[in-house]
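Reader: Could you walk me through this structure slowly? I am new to this and would like to ask small questions as we go.

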Amino acid sequence: MYLPPHDPHVDDPMRFKPLFRIHLMERKCATVECMYGHKGPHNGHIQIVKKDEFSTKCNQTDHHRMSGGRQEEFRTWLREEWGRTLEDIFHEHMQELILMKFIYTSQYDNCLTYRRIYLPPSSPDDLIRPGLFKGTYGSHGLEIVMLSFHGKKAKGTKITGDPNIPAGQQTVEIDLAHPLQLPDIENLRDFSELSRIVLEVQEQVRREEQEQEQKEEECSQQAASQPAANSLGGEGAEGEETAAGAEGTTQNKAPASQPFVLPMGVISRNEDYPRTCRICFYGTGLIAGHGFTSPERTPGVFVLFDDDRFGFIWLELKSFSLYSRIKVSFQNAEAPSREAFDEMLKNIQSLAT
């Protein structure tokens with residue numbers, strides 16, 4: 001398992017933690033060992049679920065228990081996962097969230113399902129190279145997000161989640177067709193000024209979406225009476241719009257850097273954020289209550305610092321998330337290739353049956 005660094009140090013390297021290992025003893029003979037807990041390797045099991053998916057099961061979960069009971073297990077987990085003790089955490093809401101995460105993760109006892117992650121493709125027109133990023137999420141700590149580009153949009157999808165927004169959800173969406181012109185550094189400190197700029201763009205986006213819906217409705221009505229002529233016209237208009245959008249995105253890729261500072265009142269877990277940025281875009285961020293209740297997209301500001309770091313200002317929450325690229329290759333010297341690992345799993349599955 002690759003764990004993010006301790007909150008809020010997004011630029012620190014990922015932490016490596018073995019969860020299981022496979023011993024190929026002799027021909028057609030293999031054993032699986034669970035590495036979870038502090039009592040050493042013990043008996044485990046691996047099963048192929050379907051393509052790009054397998055599950056692990058520990059057969060000796062008593063090896064995960066500690067003599068001091070759940071309290072000792074929680075304190076040990078807190079030191080390893082968060083790099084701190086319970087006494088270091090004064091915020092009551094943060095204590096509640098951390099306890100919820102411990103209860104949620106510890107109940108599985110390393111009986112887990114693994115799914116392969118396919119990284120997004122890269123294009124020369126992308127604002128920066130897509131990939132995996134570590135990001136600060138307030139009291140939830142650091143989480144992993146996958147940044148991908150889709151024409152005029154960029155999306156940040158959660159690879160790891162929390163009690164509010166689970167993994168797999170789109171945490172931020174960036175509108176590359178609507179760059180933001182930030183005020184000068186003194187006016188940028190005024191949150192109300194930034195809020196005014198963002199809400200104006202939000203209203204502009206809303207109007208454009210309404211106009212686009214009306215055009216599409218008119219085109220569909222015309223196509224019903226003149227399908228051949230309107231079909232050609234529609235394709236030409238769409239191609240022109242796409243080209244214009246792509247040109248606008250490309251032109252915004254290399255602007256001069258500008259000073260940047262967070263507005264007063266915006267909370268940031270990491271105060272060591274860059275003080276210059278390349279460009280900013282209008283975007284939306286997904287927020288929800290516990291258990292992913294009442295999810296809604298709220299306006300915000302995407303801030304591109306450099307090729308490996310970006311930020312997002314959550315306007316409604318008055319908070320700032322800083323993201324840093326994961327540069328680890330996710331392979332150590334002893335790791336098998338993808339093909340070898342898939343073949344290994346098949347051999348274990350055939351032995352089990």
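Reader: How much of the chain is buried?

Author: Of the 353 residues in the chain, 38% are buried. Please keep in mind throughout that this is a predicted model.

Reader: And what is the secondary structure made of?

Author: The chain comes to six helices and 18 strands. If we take the contacts between residues at least 6 apart in sequence, 54% of them join residues that are at least 24 apart.

Reader: What about the surface, how much does the chain expose?

Author: About 20,000 Å² is exposed, and carbon and sulfur atoms supply 52% of that area.

Reader: Which residues gather in the patch of negative charge?

Author: On the surface, that patch brings together Glu-208, Glu-209, Glu-211, Glu-213, Glu-216, Glu-217 and Glu-218. Taking one of them, Glu-217 has its place in helix H4, which covers residues 191-225.

Reader: Why does Glu-217 count as partly exposed?

Author: Its relative accessibility is 49%, and because the partly exposed class runs between 20% and 50%, Glu-217 falls into that class.

Reader: Changing topic, how many salt bridges are there?

Author: A search of the whole structure finds 22 salt bridges. One of them is between the side chains of Arg-65 and Glu-73, with a distance of 3.2 Å from N to O.

Reader: Are those two partners buried or partly exposed?

Author: Arg-65 is partly exposed, with a relative accessible area of 30%, whereas Glu-73 counts as buried at 9% relative accessibility.

Reader: Where in the chain do Lys-153 and Glu-173 sit?

Author: The side chains of Lys-153 and Glu-173 meet in a salt bridge, at 3.7 Å from N to O. This pair links distant parts of the chain, since Lys-153 belongs to strand S10 (residues 153-158) and Glu-173 to strand S11 (residues 170-180), 20 residues apart. As for accessibility, Lys-153 is partly exposed with a relative accessible area of 27%, and Glu-173 counts as partly exposed at 21%.

Reader: What does Arg-325 form a salt bridge with?

Author: The partner of Arg-325 is Asp-308, and the closest N and O atoms of the two are 2.7 Å apart. Here too the pair links distant parts of the chain: Arg-325 is in strand S18 (residues 319-325), while Asp-308 is in the loop between strand S16 (293-306) and strand S17 (309-314), 17 residues apart.

Reader: And which of these are buried or partly exposed?

Author: Arg-325 counts as buried, at 4% relative accessibility, and Asp-308 counts as partly exposed, at 23%.

Reader: Which residues do salt bridges with shared partners join into one network?

Author: The network consists of Arg-65, Arg-70, Glu-73 and Asp-109. You have already met Arg-65 and Glu-73 as a salt-bridged pair.

Reader: Okay, new topic: where is Pro-130, and what is it in contact with?

Author: Pro-130 has its place in the loop between strand S7 (112-115) and strand S8 (131-136). Leaving aside its neighbours within four places in sequence, Pro-130 is in contact with Pro-120, Pro-121, Ser-122, Leu-147, Ser-148, Phe-149 and Arg-325. The last residue in that list, Arg-325, also forms the salt bridge with Asp-308.

Reader: Is Pro-130 buried or exposed?

Author: Pro-130 counts as buried, because its relative accessibility is 6% and the cut-off for buried is under 20%.

Reader: How far is Pro-130 from Leu-119 in space?

Author: From C-alpha to C-alpha, Pro-130 and Leu-119 are 8.2 Å apart in space, and in sequence they are 11 residues apart.

Reader: Which residues does the cis peptide bond join?

Author: A cis peptide bond joins Asp-7 and Pro-8, with omega at about 5°. Pro-8 is found in the loop between strand S1 (2-3) and strand S2 (15-16).

Reader: Last one: what is the phi of Asn-110, and what about Lys-318?

Author: Asn-110 has a phi near 65°, which is a positive value in a residue other than glycine. Lys-318 is not a glycine either, and its phi is positive at about 55°. Asn-110 lies in the loop between helix H2 (92-106) and S7, while Lys-318 has its place in the loop between S17 and S18.

Reader: Are they buried or partly exposed?

Author: Asn-110 is buried, with a relative accessible area of 5%, whereas Lys-318 counts as partly exposed at 37% relative accessibility.

Notes
Residues are numbered from 1 along each chain as its sequence is written. This is a predicted model: local features need pLDDT of at least 70, side-chain atom pairs count only at pLDDT 80 or more; totals for chains, interfaces and linings use all residues. Side-chain values use heavy atoms; hydrogens and water are left out. Patches are made of residues with over 30% relative accessible area and no salt bridge: like charges are joined within 9 Å, nonpolar side chains (Val, Leu, Ile, Met, Phe, Trp, Tyr) within 5 Å. Accessible areas come from the Shrake-Rupley method with a 1.4 Å probe; for residues, only the protein chains shown count as cover. A salt bridge is a side-chain nitrogen of Lys or Arg within 4 Å of a carboxyl oxygen of Asp or Glu. Lys and Arg count as positive and Asp and Glu as negative; His and the chain ends are not counted. The place of a charge is taken as NZ of Lys, CZ of Arg, CG of Asp or CD of Glu. Helices (H or I, at least four residues) and strands (E, at least two) are DSSP runs, numbered from the N terminus. Buried means under 20% relative accessible area, exposed over 50%, partly exposed in between (1.4 Å probe, protein chains only). Contact means heavy atoms within 4.5 Å.
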